[in-house]
Protein chains: 2
Amino acid sequence: MLPKGFKIGGIRSGLSKNEGKKDLALFISESPAHAAGMFTKNIVKAAPVLTDIERLEKGGKFSGIIANSGCANACTGDKGKKDAENMCSIVEKSFDFESGSVLCASTGVIGQYLSISGDDFEKNVDMLKNNIGVSSENEDEAVLAIMTTDTFIKKTSRKIEVKNGEIKIWGCVKGAGMIHPNMQGLHATMLSFILTDAEIESKTLQTILENSADKSFHCVSVDGDTSTNDTLIVLANGHSGTGKLSEADLEKFIEAFDDITLELAKSVAKDGEGATKFIEIEVKNAEIKNDAKLIASTIATSPLLKTAIFGADANWGRVIAAAGRAGVKFDPNKVDIYIGGIHTFKNGIALNFSEEEAKKSLLKKEVKIVVDLKAGEKSSKYYTCDFSYDYVKINGDYRS
Amino acid sequence: MLPKGFKIGGIRSGLSKNEGKKDLALFISESPAHAAGMFTKNIVKAAPVLTDIERLEKGGKFSGIIANSGCANACTGDKGKKDAENMCSIVEKSFDFESGSVLCASTGVIGQYLSISGDDFEKNVDMLKNNIGVSSENEDEAVLAIMTTDTFIKKTSRKIEVKNGEIKIWGCVKGAGMIHPNMQGLHATMLSFILTDAEIESKTLQTILENSADKSFHCVSVDGDTSTNDTLIVLANGHSGTGKLSEADLEKFIEAFDDITLELAKSVAKDGEGATKFIEIEVKNAEIKNDAKLIASTIATSPLLKTAIFGADANWGRVIAAAGRAGVKFDPNKVDIYIGGIHTFKNGIALNFSEEEAKKSLLKKEVKIVVDLKAGEKSSKYYTCDFSYDYVKINGDYRS
């Protein structure tokens, strides 16, 4: 269900080594749209990230996003930067868009050059132009084209009623490994694109995006590795015709937007490389919210905890040990821990619980871990996945 | 080759569930020794750690260390604390040592109680008393008794000639998982015990230990998880008869001591859970030493890099990506990266290198990664191991 005025699609261009896999996606708006973006805070930023940051900092409106998989165009120096700009300008020319109005994103192997010299890329963009549309198939093709080790299509949408009509928001995300997004304002290999036909100017859109990412994408880790290419872009083209939103309607919009980013973020953890289980970690009753987040993220990135959950082992010892090294002060003697609904640890001491029942609970596809600090009223949730043999397999031989 | 005046040994007491595995070790000095210790900085500290900290803070001399595997005596509350103290006092009584003069250490499953009530533990200490000695077999038995998932005995020794004779230093270490030691002064499930017959008073010994750990144990990571039980204790009993060391002799002692801690620390990484390869990461030519260490440790704890090395994949992209998220400022366009002796990355750009040659180099048991920042003159080394299927296997089912 795409918002009005957008067309998207994906084709196979040959940029990915995976025979037959779609690898080039295009998202265009029929008229220039307000845009907001967040990018990786990694000091090593891929060429498309540097290109987008420059373009968004200049301001103005944007007409589309061209994105590829199979090559990250990272650590490619000046040639890589020119390739990224060229990628955009070929789309701009083909669609007769204003120069500088197309954004770009890449994901895949670091250090390889994009093959977009010569006429090949122009032909591919021509092919794409004939393959974009508004159908569910078009959506799937666009998302398939930005996927790398992802195992399923991650997209979602919301429709909200506002005073003057109806607004749609659509979002997709790609990412399964090198996932620990850490992005900032205009300066984010998770790629996520959100499209809406709401009328919201860039500055407001940026604020909505940043607040939303803090509660969603920034609460997800697959392996603790922050990519060189993380990119999160929103386009708002106003085609809903509902005009500028009232404060109440903006609230509604934000709620739906937050819903989308959280659903997309969770789907990234669910599709984590080699994942067999989705893990939600909630640290509650902390004195300070950031303490709760730090403890939750430390637990979520502990290889020992993640392998224990893979083994369906209610190993609360690894939960409390990870919490203890988070760099946050708390009283271990007040802590309670619940794993898969089972109370395993109370006031700093192990409880007797049925290992059989615990195993049964941990064999489910979703596992919730709750750490109760009993020190205050703040809480924070973090999302991750287990650490399996397949994670090692996928990453032990990624380039070949 | 034990230093003079020490007797050590290990027996099977039944504390470990592994049938037949030795699980109780004793290290005693014939006369009270100066001591220094470093313990985990994890906010959740095991009962033996709390006990040792109290005893060392009181000062005085120490006669021995009792240590077990199979049970960490962590998260065991007041009962655990009493068990730890009881463990020490049973040894004190048996040997007629002064009360408070024995230290203790535990490693194993978190949250279980030590079974040292009743007469059993006394009988075990009696058995130990008959099984300690100064032979190489005694050394091996002591180290075997503190091992958990370790696959080989990690011990080493040095002999140095000083003005008035000869001094010996002997050290052992245990640890393969939950390894990312982060210890501090009197306040570390790596267990390491170092014995020497040098005459060095506690304050100097503590300084030597802390400086040495910063260059060795604090530069090792298996999985980034800091344990609740990390313990590093040195006993110096003066039995060499060489008396107080001259400044020149102290320098010699420190050199040998640093040699031992570095060898022991490296052996921990070599025996990392499921490890097939030892990885040395050197970050050189940084402006600030701590920046070099932060980058090296971030690379060493990247699951993506560790799985790539397991797969013998010269994936420098993961090296630069990890460096970039270390939270340290550097110019990526100046960086060179060498993996297994192969120059893979120069001034921020990929080099063409023979994948075949790289694969050959990475199939060796030891892999060296060098990151040259070309920004200054400081450098730092960090030691780790690869991330294999067996890591997941070992940790997916540790408790059962």
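**Helix H2 and the two-chain contact**

In H2(A), the buried residues are A:Gly80, A:Asp83, A:Ala84, A:Met87, A:Cys88 and A:Val91; buried here means that 20 or more other C-beta atoms, placed from the backbone, lie within 10 Å of the residue's own. They cover an arc of only 125 degrees around the axis, so they sit on the same side of H2(A); the arc is taken from the directions from the helix axis to the C-beta atoms. An α-helix has 3.6 residues a turn, so residues three or four places apart point the same way.

A word on the source. This is a predicted model, in which local features need pLDDT of at least 70 and side-chain atom pairs count only at pLDDT 80 or more, while totals for chains, interfaces and linings use all residues. Residues are numbered from 1 along each chain as its sequence is written, and chains are lettered from A and ligands numbered from 1 in the order in which they are written.

Helices are DSSP runs of H or I with at least four residues, strands are runs of E with at least two, and both are numbered from the N terminus. The buried residues of H2(A) pack against elements of chain A including strand E2 (24-40) and helix H1 (47-58). After H2(A) comes A:Asp96, with a positive phi near 60 degrees.

Now the two chains. In total, 48 residues of chain B are in contact with 48 residues of chain A, contact meaning C-beta atoms, placed from the backbone, within 7 Å. Which element gives the most to the side of chain B that touches chain A? H9(B) does, with six residues.

Technical notes
A residue is buried if 20 or more other C-beta atoms lie within 10 Å of its own, exposed if 12 or fewer, and partly exposed in between; C-beta atoms are placed from the backbone. Two residues are in contact if their C-beta atoms, placed from the backbone, lie within 7 Å.
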